[in-house]
Structure formats: structure tokens, C-alpha cells
Amino acid sequence: MALIIGGIGTTHVPAIGNAIAKGLQQDPYWRPFFAGFDYVHRWLAREKPDAVVVFYNDHGLNFFLDKMPTFAVGACNEYRNEDEGWGIPVSRAAMGDARLSWHIINELVTGEFDITMCQDMMIDHAVTIPLQLMYPSGDWPVKIVPISINTVQHPLPSPARCFNLGRAVGQAIESYAEPLKVAVMGTGGLSHQLDGERAGFINKDFDKLCMDDLAGNPQALTGYSIHELVELSGAQGVELLNWLAMRGAMRGEVTELHRNYHIPISNTAAATMVFGHRHAAKRQAA
Ligand code: DHB
Ligand code: FE
């Protein structure tokens with residue numbers, strides 16, 4: 001059976017793509033952020049996931065405001081990126097695992113999560129930047145299942161709903177018959193607001209509370225309404241929903257292995273976290 005080996009949460013700010021393209025990782029502005037990935041690289045080298053299920057939000061590349069699914073699951077063997085208008089290089093394509101995708105889709109719909117299934121899907125910076133950060137050599141030795149959550153056009157799904165989506169995805173992964181090692185990932189956040197009266201808004205206290213509660217007390221975060229979350233984390237800080245889905249997918253024992261928090265990267269409070277996950281069944285056997 002497939003195993004969920006752990007989770008990664010990371011910011012997906014497009015400017016990181018330019019910093020990588022220009023080799024600015026050691027630049028004083030960028031170093032505190034990139035240094036936070038040293039641990040991630042060691043963890044990936046040790047754990048060697050075969051597949052990564054990525055909870056993210058599309059920012060207008062694949063879905064636009066005319067048709068906006070609340071939840072969409074990719075079912076492709078390849079996902080391309082294109083110019084999104086951020087002035088960053090177009091990324092290479094990511095490999096997909098369409099069989100794992102269809103298993104997840106089947107389980108979700110059976111479990112009454114009526115998602116949109118996508119046999120043709122492009123991935124934006126919210127997937128490509130995290131992959132570039134995880135695998136700086138440019139060799140992406142994993143297949144992905146991208147799951148897009150609408151954090152863009154209101155009404156947005158609630159934190160509790162996103163956490164429960166994660167739980168259903170976790171259950172689906174753990175019932176997949178192939179012996180795959182699967183990492184789950186949530187991208188975006190933490191607090192930021194890119195436009196409007198509060199442009200530039202960052203909430204360090206709330207970000208800390210989120211990072212403190214994610215591993216051991218995620219229920220403290222799932223009680224917020226979307227409007228409370230916008231107020232606390234900013235209009236784009238609601239990308240925390242992707243992190244909550246990632247956390248929900250880990251239904252066993254979850255431990256915080258690593259965190260890095262740095263203000264600002266572009267307009268965002270940048271965070272990187274790694275979580276270990278021990279399956280409930282394994283725990284009983286131990
Ligand atoms: C920025 C952050 C984001 O999450 C994003 O999708 C685009 C831009 C920023 O801080 O510049
Ligand atoms: Fe974003």
C-alpha cells in the first residue's frame with residue numbers, strides 16, 4: 001500500500017523564480033529564505049518520495065474567474081507551465097501520476113467530495129516554484145498529483161472543509177495498492193495581501209500561531225471562518241487553506257521536523273515547514 005511519509009509547507013512567491021534563474025541564493029536578501037531549504041533537501045534525499053500530492057491555488061493560468069472550481073484534481077501524466085505574466089522564466093513540465101490521480105478522484109467522489117477532474121491541466125508558480133525549491137538540480141525525480149483549491153474568487157471553501165478534503169485525500173492515498181512513498185505538500189502563504197487598502201499587510205503573531213498549531217493542534221485553525229482568515233492573514237494569506245489540506249491528509253501521528261520563517265520575501269511572510277508522519281496502523285503494530 002502507498003505510505004504518506006510526511007508533509008512540506010512552503011511559500012510560492014513568483015520572485016523566487018527570478019532569484020533562482022539569476023543564482024541569487026547567497027545574496028543577503030535571499031539567503032535567509034533559501035537556507036531554510038537545506039533541511040528540506042536532506043529530508044528529501046533521505047525519504048525519497050515517489051510522488052508528491054500538491055495542494056495549491058491556481059492564480060489565473062489554468063482557471064480564470066469565468067470558470068472557477070472550488071476543488072480540482074489533475075489526472076495527467078504531464079503538467080506544463082506557461083508565461084503567467086510575472087516576468088519569471090517558464091518552467092519545465094512536471095511528470096504526473098495519472099493512475100494515482102484517478103484513484104484519488106474515485107475515492108473523493110465516492111466520499112462525496114464532488115471535485116472537478118482535469119485531464120488537461122497547466123500548473124502555475126504555486127507548483128513550479130516549490131518543485132524548483134525542493135529539487136534545485138532541476139531533476140524532479142517525483143510524479144505529482146496537483147490539487148487546486150480556490151483561494152482566489154469568493155466564496156472560498158472554509159478552513160474546516162479544506163482540512164476535511166485533505167483527510168479524504170489522505171485516506172485515498174493510503175488505500176492505493178501500489179507501494180509508493182508519497183509526500184503531501186501545501187503551498188502559498190503565510191500572511192500577505194497584494195492589493196487594496198491593506199496591501200503589504202503581514203501578521204507575524206498569527207503566522208506564529210499557525211506554525212505552532214499545525215502539527216499538534218490543527219483544530220485550533222479549522223474553526224475560523226473565511227472572513228476571519230482574510231482579516232487575520234490578508235486577502236492572499238488565505239492560501240493557508242492549502243497548508244490545512246496538506247495537514248489534513250496526515251491522519252496518523254504528525255511531528256514538526258523543521259521550520260523557517262522570514263519577513264519579507266516580496267510582499268509575503270515566507271514560511272517553510274517539514275512534518276514527519278507515522279501511519280496510525282504502523283503505530284498500533286509498533
Ligand atoms: C506574491 C505572493 C504570492 O503568493 C503570489 O501568488 C504572488 C505574489 C508576492 O508576495 O509577491
Ligand atoms: Fe499565491
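In this predicted model, the donor residues of the iron ion (ligand 2) follow the sequence spacing H-x46-H-x179-E. The two histidines link distant parts of the chain, 47 residues apart: His 12 lies in the loop between strand 1 (3–10) and helix 1 (15–21), and His 59 in the loop between strand 2 (51–56) and strand 3 (71–74). Coordination of the iron ion (ligand 2) runs through His 12 (NE2), His 59 (NE2) and Glu 239 (OE), at 2.1 to 2.2 Å. The accessibility of the two histidines is as follows.

| Residue | Relative accessible area | Class |
|---|---|---|
| His 12 | 4% | buried |
| His 59 | 31% | partly exposed |

An open sheet of eight strands, with mixed pairing, has the order 6-3-7-2-8-1-10-9. Strand 6 (116–118) and strand 9 (253–265) form its edges, each pairing on one side only. From one strand to the next, the twist averages 15°. Strand 1 and strand 8 (residues 181–187) run parallel and are joined by seven bridges; in strand 8, Met 185 is the bridge partner of Ile 8. Helix 3 (residues 38–47) packs on the sheet, where it touches strand 1, strand 8, strand 9 and strand 10 (268–278), and its direction makes about 165° with that of strand 1.

The largest nonpolar core has 51 residues, and those touching the most other members are Val 53, Phe 55, Ile 104, Leu 108, Leu 165, Val 169 and Ile 173. Helix 10 (residues 240–249) supplies the largest share of this core, seven residues. Beyond four places away in sequence, the contacts of Phe 55 include Leu 165, Val 169, Met 185 and Ala 245. A second, separate core of 40 residues includes Ile 8, Trp 43, Leu 44 and Ile 144.

Key: Residues are numbered from 1 along each chain as its sequence is written. Chains are lettered from A and ligands numbered from 1 in the order in which they are written. This is a predicted model: local features need pLDDT of at least 70, side-chain atom pairs count only at pLDDT 80 or more; totals for chains, interfaces and linings use all residues. Side-chain values use heavy atoms; hydrogens and water are left out. Donors are N, O and S atoms within 2.8 Å of the metal (3.2 Å for Na, K and Ca); water is not among the atoms, so sites may look incomplete. Helices (H or I, at least four residues) and strands (E, at least two) are DSSP runs, numbered from the N terminus. Buried means under 20% relative accessible area, exposed over 50%, partly exposed in between (1.4 Å probe, protein chains only). A nonpolar core is a set of buried Ala, Val, Leu, Ile, Met, Phe, Trp, Tyr and Cys residues joined through side-chain atoms within 4.5 Å. Contact means heavy atoms within 4.5 Å. Two strands pair if DSSP finds at least two bridges between them. Axes are lines fitted to C-alpha atoms, for helices over the stretch in contact, and angles run from 0 to 180 degrees between N-to-C directions.
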